[in-house]
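Here are a few exercises to work through with the model open in your viewer. Try each one before reading its solution.

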Amino acid sequence: MNTLTDRITEDMSAPLDERQAAVAPNFDDPVLNPDFKTFGNVHVDDPAMTSRNVNVSYGDKQAIFNVSLDVGKNEVIAMIGPSGCGKSTFLRCLNRMNDTIDVCRVSGSIKLYGEDIYGKDMDVVLLRARVGIVFQKPNPFPKSLYENVAYGVKLHGLASSKSELDDIVESSLRKADLWKEVSDRLDKPGTGLSGGQQQRLCIARAIAISPEIILMDEPCSALDPIATAAIEELIDELRKQYSICIVTHSMQQAARVSQRTAYFHLGRLVEVGATDTVFTNPRHRLTEGYITGRFG
Amino acid sequence: MTQVEIIKAGLARRYARETRFRMYGLSSIVCGLAFLVFLLVTTGSNGYTALLQTHIGLDIHLLAEDFGDDRSRESLSKANYSGFIKEALRQTFPEVTKRKEKKALYRIMSGGAQYQLREKVMADPSLIGRSVTYWLLADDEVDVFVKGRIDRDVPEKNRRIKDITIGWVDRLAEDGRVEKRFNIPFFTAGDSREPEQAGIFGATMGSIFTMLVTMLLAFPIGVAAAIYLQEFAPKNRITDLLEVNINNLAAVPSIIFGLLGLAIFINAFGLPRSVPLVGGMVLALMTLPTIIISSRAALGAVPPSIREAALGLGASPVQTVLHHVVPLAMPGMLTGTIIGLAQALGESAPLLVIGMVAFIVDVPGGPLDPATALPVQIYLWSDSPERAFVERTSAAIMVLLLFLVAVNGLIVLLRKKFEHRW
């Protein structure tokens, strides 16, 4: 009961702002207040993933400070914030893509259905099969379209026969809304598609292995509005089966596709809440400043 | 001055600088091409004559009684063919009677002529008892003279071929008995002390076996080392040290590798001397740094997004590297291999140290037979006093260059194949 925030929240009779300001002028500054607590409820009932007190540093430079956030089942959670705020770093922690960076250190706990993903028993290959990822820049393999989608399936031995593999490839491409465009040229290289098609190919590749959660790191940043609309529609469709975490620079996109929104600022998770609330009635001044376009 | 005027004023100078820079580049390329053309022209003009060899047509009557009744191969091989040739020469020039002159006359034919005759008779015994014109190898001095490389106006004491011999050759030529024919032995025989019998085939086979050993050792080891160092090795002082040392090894003089091979492969391991196996191992050591350095560069140039894509799908690090990174880096790795093998192919110094400079007549049949290699053969011939070896040296250089083009072509084909897959 000694920390600043505890003292602030102790006495519930006065209005919140007054109470906070009375105790500490920096109460809501995530950087200056070492005990800053995220505004809004980071918890959901029945979460798919839970993160608690996650800290990430690259060598001497700390990128993520004390972030706790749940990802619910069948929900799209958008992570927004100015450049360099750590949202992509946090996303990449969720399937341990940061392992590939030598100097990256992660502490705290991240659990997938109760299993610690940084624990000794967690196999990173299995984790990445369960938590798929789509990157900012479309990165199809320089192989045929078919090989691109079939690669993960073959890798994990998920298809027992050629016809089953064909079915998985077709249904994945259908889900990614790419089948009509490419069904007659599955043997052509994936790198020959347009940018939007490539990104949908990458999504098809990710969903071919039926992950439980799909992470998307600014999937539309390199795409035109039409391709973006197609992918947003796709995300909405995918939500029925998967949980999706999407990092985006576009607040309109976050508002369109997500159910919950998390706002990051300088490595801190400032505010989390239902997307409607965050965009119409933000509780933190930084969130408000960002979504009204005053900075970021 | 407005901004546009300031920019305009500077434009002429900028374009002039650009033109000048282009001219530097163009002139250096022209310069390089000129040297290359000069090299090819001198080598070609010196060497093309080695493709033809002077033959002399002699009417030889193979007397049946000299062969006896036995027509078995063994008996045929023992007949006195040299005697038939001498007899034919005596009959062609009946005026030669003095012993010394006769000896000189016999010397216009190559020492190998009797074996040519023997081969013909053994292939067709029905020649025995008949008088037929046989075209047999002339001596290398005669060959050089016929090819016009000896000036007959030079005083007799200053040239190897004497006036009397020139007279005989001229008479034979008048009778249409001197002909330049395609030099088959040059492409099918091993080395010889007699230039007219010396061939490049032994050295070519030696080079082929040496290169095979080098390629089979250096490529897999070099690529594996590069993959480990680039993709898997922890980044610490030891790997830094290794990297510096590999870079330094690429600059070590090749003869040092020869001494290393002598000390380790021959003295410590007890492998035989002068064999392509050891030569290939030494050259593989020499080639490794080149392959490792260029393979690491090729691996490093594969975009990280491809690695992330594979890892994100749940591929293990080894699967990521083997399925995606290595195939993409393969063209670059093969380029490094071309450079390394081309270097190894032209290398002679380390081969001298491990004994591949020995005089070896037999064509090697495998990597464990004593052999020499093309560059060493060129060195040996260029060191020989006989005039006839001059053209052979140039011809051997042409063969070496062709070999080089063939090896490079093969690897370029391989590289194209890998590039096509993407």
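**Exercise 1.** How many helices and strands make up the secondary structure of chain B?

*Solution.* Bear in mind that this is a predicted model. Counting through chain B gives 18 helices and three strands. Now check the overall spread: the radius of gyration of chain B is 30 Å, while the globule rule gives 22 Å for 422 residues, so chain B is more spread out than a compact globule. The principal axes add some detail, with the C-alpha trace of chain B spanning about 100 × 65 × 40 Å. As for burial, 36% of the 422 residues of chain B count as buried.

**Exercise 2.** Find which residues touch the most other members of the largest nonpolar core, and which helix gives the most to this core.

*Solution.* Start with the background: nonpolar side chains tend to be buried together in soluble globular proteins. The largest nonpolar core has 86 residues, and B:Ile85, B:Leu136 and B:Ala396 touch the most other members. Next, go by element: helix H13 of chain B (residues 276-300) gives the most, with 13 residues. Then zoom in on B:Ile85. Leaving out residues up to four places away in sequence, B:Ile85 touches B:Leu58, B:Ile60, B:Met109, B:Ala113, B:Gln114, B:Leu117 and B:Leu136. Finally, look elsewhere: another core, of 84 residues, lies apart from this one, and its members include A:Val42, A:Leu91, A:Ile203 and A:Val278.

**Exercise 3.** Describe the side of chain A that touches chain B.

*Solution.* First the head count: 20 residues of chain A are in contact with 15 residues of chain B. On the chain A side, the elements giving two or more residues are helix H4 (124-130), strand S6 (131-134) and helix H5 (145-156). Of these, H5(A) gives the most, with four residues. Last comes the chemistry: this side of chain A has 11 nonpolar, five polar and four charged residues.

**Exercise 4.** Take A:Asn53 and A:Asn66, neither of them a glycine. Is each one buried or exposed?

*Solution.* Recall that most residues other than glycine have a negative phi. A:Asn53, in strand S1 (residues 47-58) of chain A, has a positive phi near 50°. A:Asn66 sits in strand S2 (residues 61-72) of chain A, and its phi is also positive, at about 55°. Now count neighbours. A:Asn53 has 11 other C-beta atoms within 10 Å, so it is exposed. A:Asn66 has 20 C-beta neighbours inside 10 Å, so it counts as buried.

Note on methods
Residues are numbered from 1 along each chain as its sequence is written. Chains are lettered from A and ligands numbered from 1 in the order in which they are written. This is a predicted model: local features need pLDDT of at least 70, side-chain atom pairs count only at pLDDT 80 or more; totals for chains, interfaces and linings use all residues. The radius of gyration is taken over C-alpha atoms; the globule rule is 2.2 Å times the number of residues to the power 0.38. A residue is buried if 20 or more other C-beta atoms lie within 10 Å of its own, exposed if 12 or fewer, and partly exposed in between; C-beta atoms are placed from the backbone. A nonpolar core is a set of buried Ala, Val, Leu, Ile, Met, Phe, Trp, Tyr and Cys residues joined through C-beta atoms within 7 Å. Two residues are in contact if their C-beta atoms, placed from the backbone, lie within 7 Å. Ala, Val, Leu, Ile, Met, Phe, Trp, Tyr, Cys and Pro count as nonpolar, Asp, Glu, Lys and Arg as charged, and the others, Gly among them, as polar.
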